[in-house]
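Here is a brief report on one chain and its ligand. Please keep the sequence and the model in view while reading.

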Amino acid sequence: SDYWVVVPAAGAGKRMGANTPKQYLPIDGKPLIAHTLENILSWPGLKGVVVAISADDEVFATLECAQDDKIQTVIGGAERADSVLAALEYLSQHQSPTTSVLVHDAARPLVSTDDIHKLLSAAPMALLAQPASDTVKLAGAESCVRQTLPREQIWLAQTPQKAPLGTLLQALQRGLDENPKAITDEASALELAGHAPELVAACRSNFKITHPSDLVLAEALLRHRSG
Ligand code: CTP
Ligand code: MG
């Protein structure tokens, strides 16, 4: 069935430590966000994409993929959740509240089409996530181990995260109003609203490009895939 995609791309990429926001850094000669958007444009059943860019962005409009009819932009906000909210508010002016929306980070170029199929056939509220592979410690004072958590219950949230437009918009508005620090992804807002999104195990390649070494890894994986 049909769905829209929201792409938060208004971040500064502080942890990357580059002069340019990380979404515009080249991977194999093409900006990171171009890889992500070209990937999204190949997903089955896609109606359109709303990209949230920063107010002072001068790069996005110059990209080749930005010219695609399916892609529109809105101005994002101070935190990721604000950027997602801006895109959802825009979408809700044109689309019904029952429209399915997938929120996908600009910084995850390597999500596989297989995983997209799995997410699309999961529950109406669902997210890609990675079962923890390392042993997980809860830290107490001064970074000392307080407890080892049961690893089989630990999942690391990724994107896309899927929900009906109306439900997600309401949950984000309410979450940002009541406890903005707790809203670090869509599922956290849905949880606060009493929902329990389904966890869908994703391939390891769906990591978020965050630190400089992630660029090297992404480039290697992209070359491996196309080769
Ligand atoms: N994002 C956004 N608006 C913000 C902050 C982040 O749209 N105010 C987007 C980023 O562009 C990215 C995604 O949300 O595609 C995931 O965020 P993250 O990986 O944290 O990116 P940055 O915030 O840019 O990086 P950092 O936290 O290192 O500054
Ligand atoms: Mg960030």
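Leaving aside neighbours within four places in sequence, Leu88 is in contact with Val6, Val101, Leu165, Leu168, Leu169 and Leu172. Contact here requires C-beta atoms, placed from the backbone, within 7 Å. The model is predicted: local features need pLDDT of at least 70, side-chain atom pairs count only at pLDDT 80 or more, and totals for chains, interfaces and linings use all residues. Residues are numbered from 1 along each chain as its sequence is written, while chains are lettered from A and ligands numbered from 1 in the order in which they are written.

**Core**

Leu88 is among the residues with the most contacts inside the largest nonpolar core, which has 55 residues. The others in that group are Val6, Ala52, Val84, Val101, Leu168 and Leu172. Helix 2 gives this core its largest share, 7 residues. A nonpolar core is a set of buried Ala, Val, Leu, Ile, Met, Phe, Trp, Tyr and Cys residues joined through C-beta atoms within 7 Å. Buried means 20 or more other C-beta atoms within 10 Å of a residue's own; exposed means 12 or fewer; partly exposed lies in between; C-beta atoms are placed from the backbone.

**Overall fold**

The chain has 6 helices and 11 strands. These are DSSP runs numbered from the N terminus: helices are H or I with at least four residues, strands E with at least two. The radius of gyration is 17 Å, close to the 17 Å that the globule rule gives for 227 residues, so the chain is as compact as a globular protein of that length. That radius is taken over C-alpha atoms, and the rule is 2.2 Å times the number of residues to the power 0.38. The C-alpha trace spans about 50 × 40 × 35 Å along its principal axes. Of the 227 residues, 36% are buried.

**Strand 6 and helix 1**

Strand 6 (residues 100-103) is covered on both faces. Ser100 and Leu102 are buried on one side, Val101 and Val103 on the other. In a regular strand the side chains alternate between the two faces of the sheet. Strand 6 has these pairings, where pairing takes at least two DSSP bridges:

| Partner of strand 6 | Sense | Bridges | Example |
|---|---|---|---|
| Strand 1 | parallel | 4 bridges | Val6 with Val103 |
| Strand 10 (residues 155-164) | antiparallel | 4 bridges | Lys162 with Leu102 |

Helix 1 (residues 32-41) is largely enclosed by the rest of the structure, because 7 of its 10 residues are buried. Leu32, Ile33, Ala34, His35, Thr36, Leu37 and Ile40 are the buried ones. Their cover includes strand 1, strand 4 (46-53) and helix 6 (212-226).

**Ligand shell**

Which residues come nearest to ligand 1? Pro8, Gly11, Lys14, Arg15 and Ser83 do, out of 22 residues around ligand 1. A residue counts as near if its C-beta atom, placed from the backbone, lies within 6 Å. Strand 1 (3-9) and helix 2 (80-92) each supply at least two residues of the shell.

**Backbone details**

The peptide bond from Thr159 to Pro160 is cis, with omega near 5 degrees. Pro160 lies in strand 10. Glu142 is not a glycine, yet has a positive phi of about 50 degrees. Glu142 sits in the loop between strand 8 (136-139) and strand 9 (145-149). Ser143, in the loop between strand 8 and strand 9, has a positive phi of about 55 degrees. Glu142 is exposed, with 5 other C-beta atoms within 10 Å. Ser143 is exposed, with 7.

Conventions:
Two residues are in contact if their C-beta atoms, placed from the backbone, lie within 7 Å.
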